[in-house]
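Biologist: I am new to this structure and would be grateful for a close look at a single part. Please describe one helix and its surroundings in a connected account.

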Amino acid sequence: MRAFLPLLLLGLAARAGWIELKPGLDWLETTHALWALGIATLLEIAGDKIPVVDHALDLIGTVVRPAAAWLGATAVLTAWPSPWGELTGLALGGVALIVHGLKAKLRLGSTVATAGHANPIVSTAEDLIAAGGALIAIVLPLLVLGFVAIFVWILARLRGRARATAARPG
């Protein structure tokens, strides 16, 4: 749901010594990377509160969010032999694309239903979910898989309800 916030938290956790990053991807914990990710996170979070900017971010996010998921997963799968860490990162990038698509459709429905007035509230909920999910992934990595599965299930149910509501006559 956010491209840069999880990478920022990942870099901060590595800098604090909580996790170890894969050699070659340890640049995520450098001062320059943390500043760049921090600024990108703030811009992404702020831009997501403005409907027109939000839709532009969703278009860009179609590529950026799966790539960020791949990068983050690959960076922490240090103990996995090649190519399994990279392939798992690629699969998780696909999951990020699915989550992104479901979220974008849900957000479009919210924009249409409320003329964009609910978008800042929905966006703030997304911020909290993204931060919580990233923190859980750092502290309890296996728990995050259940978190993602539940989140995808919830989004799919909400999308189904939105379709059923739209299909009703009158």
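**A helix and its neighbours**

Modeller: The buried residues of helix H3 are Asp-54, Asp-58, Gly-61, Arg-65, Pro-66, Ala-68, Leu-71, Gly-72, Ala-73, Thr-74 and Ala-75. Please note that this is a predicted model. The cover over these buried residues of H3 includes helix H1 (4–15), helix H2 (31–47), H4 and helix H5 (119–139). Gly-61, one of the buried residues, is also the centre of a kink of about 55° in H3.

Among the covering helices is H4, and its packing against H3 may be described in detail. Helix H3 spans residues 51–76 and helix H4 residues 84–114; their axes come within 7 Å and cross at roughly 155°. An angle over 145 degrees counts as roughly antiparallel, and H3 and H4 are therefore roughly antiparallel to each other. The crossing in which H3 passes H4 is right-handed. Sorted by class, the residues in the contact of H3 with H4 are ten nonpolar, nine polar and six charged.

On the H4 side, one residue may serve as an illustration: Gly-89, which lies in this helix. Gly-89 counts as buried because its relative accessibility is 0%. Leaving aside residues up to four places away in sequence, Gly-89 touches Trp-70, Ala-73, Thr-74 and Leu-77. Of these contacts, Ala-73 and Thr-74 are themselves among the buried residues of H3. By way of contrast in position, Leu-37 is 52 residues from Gly-89 along the chain, and the C-alpha atoms of the two are separated by 20 Å.

Definitions and conventions. Residues are numbered from 1 along each chain as its sequence is written. This is a predicted model: local features need pLDDT of at least 70, side-chain atom pairs count only at pLDDT 80 or more; totals for chains, interfaces and linings use all residues. Side-chain values use heavy atoms; hydrogens and water are left out. Axes are lines fitted to C-alpha atoms, for helices over the stretch in contact, and angles run from 0 to 180 degrees between N-to-C directions. Helices (H or I, at least four residues) and strands (E, at least two) are DSSP runs, numbered from the N terminus. Angles under 35 degrees count as roughly parallel, over 145 as roughly antiparallel, 65 to 115 as roughly perpendicular and the rest as oblique. A crossing is left-handed if the near helix is turned anticlockwise from the far one by less than a right angle, and right-handed if clockwise. Ala, Val, Leu, Ile, Met, Phe, Trp, Tyr, Cys and Pro count as nonpolar, Asp, Glu, Lys and Arg as charged, and the others, Gly among them, as polar. Buried means under 20% relative accessible area, exposed over 50%, partly exposed in between (1.4 Å probe, protein chains only). Contact means heavy atoms within 4.5 Å. The bend at a residue is the angle between axes fitted to the seven residues ending there and the seven starting there.
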